[in-house]
Amino acid sequence: MGAWGYGLLESDAELDVVDEIEDEVAKIAKTKRFRLLHPKHPARVKERLDGGVFHRAFLYFHEKKWNHGMIYLVVMAMRLGSTIPADDLAQVTQTLKETPMYKEAKEQLELGLAGYKNNGEPWDFQSKSIVDAANASITNEQPAAPGGFQMLNVMEKWSFRPQGGPNDMKKGMEEMLKHQKEREAKQAKDPKPATEPKPKFDLPQEHKDRLEAAVKAWFNFQMAPE
């Protein structure tokens, strides 16, 4: 899906980071799973966080220099009303200033950090879920994307996408090597016979123009000053 907004938790990349945070927190809490985004028993999760799991996870992410890990761990904790140590709040405030993020997401978190009572009361960031975005596209007239295409998701700036944590690159490399070995084994077992070249596919000029405009708009968006 990509991203359906520029606020907090409004993209697949952010949800992937939350998944990784949950995996790391589960190891720290010595449990199989540790749901933070949609926990079945929020009060139990909050109790574990307040009991020291949050602070240990936050320190671990800080030690690994995983800025987005610290930021989104705080976001998850605030949504649950967890009590966050003052030093950790001060650190994430500084980390937020140093971390590339969309203006809308930063403003949401800055507002939350300024207004969070830290007394057990959850904070609502008022982010849009993908269902909210889909419903809005039905009830409101959506503007066409650059090039004339109609789509639900917004254009992403790659430098603003949250980065995976300490194990993200390792897992990616392992997956890539695994798939490469599988492909090589399959080709060795059943090599494909030579085939005739496929006929050249061509688009109508109108479609080419629209596609070119969309690519240019995407490139300009990526290169725009931050």
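Biologist: How many salt bridges does the count come to?

Modeller: Keep in mind that this is a predicted model. A pair goes on the list when a side-chain nitrogen of Lys or Arg is within 4 Å of a carboxyl oxygen of Asp or Glu. By this rule, the count comes to seven.

Biologist: Okay, take Glu 24 and Lys 27: how far apart are their closest N and O atoms?

Modeller: Both sit in helix H1, which covers residues 12-29, and being three residues apart there puts about one helical turn between them. Their side chains form a salt bridge, with the closest N and O atoms at 3.7 Å.

Biologist: Which residue of that pair is buried, Glu 24 or Lys 27?

Modeller: Buried means under 20% relative accessible area, and exposed means over 50%. Lys 27 comes out at 54%, so Lys 27 counts as exposed. At 5%, the buried one is Glu 24.

Biologist: And which residue does Asp 50 meet in a salt bridge?

Modeller: Asp 50 itself is partly exposed, at 33% relative accessibility. Its partner also lies in helix H2, four residues away, or about one turn of the helix. The N to O distance is 2.8 Å, and the partner is Lys 46.

Biologist: What about Arg 161 and Glu 156, which form a salt bridge: which of them is partly exposed?

Modeller: Their closest N and O atoms are 3.1 Å apart. Glu 156 has a relative accessible area of 12%, so Glu 156 is buried. With 23%, the partly exposed one is Arg 161.

Biologist: Let's move to H4. Why do its buried residues line one face of the helix?

Modeller: The buried ones are Asp 88, Leu 89, Val 92, Thr 95 and Leu 96. Looking down the axis of H4, they line one face because they fall within an arc of 125 degrees. On the other side, Ala 86, Asp 87, Lys 97 and Glu 98 are exposed.

Biologist: Which helices do the buried residues of H4 pack against?

Modeller: H4 runs over residues 86-98 and reaches 19 Å from its first C-alpha to its last, close to the 18 Å expected. Its buried residues pack against H2 (42-63), H3 (67-80) and H5 (103-115).

Biologist: Zooming out, how many helices and strands are there in the protein?

Modeller: From the N terminus on, the elements run α-α-α-α-α-α-α-α. Buried residues make up 33% of the 226 residues. As for the tally, it's eight helices and zero strands.

Technical notes
Residues numbered from 1 in each chain as written. Predicted model: local features only at pLDDT ≥ 70, side-chain atom pairs only at ≥ 80, totals over all residues. Heavy atoms only, no water. Helix = DSSP H or I, 4+ residues; strand = E, 2+ residues; numbered from the N terminus. Buried < 20%, exposed > 50% of the residue type's maximum accessible area, 1.4 Å probe, protein only. Expected span 1.5 Å × (residues − 1). Arc of directions from axis to C-beta. Contact = heavy atoms within 4.5 Å.
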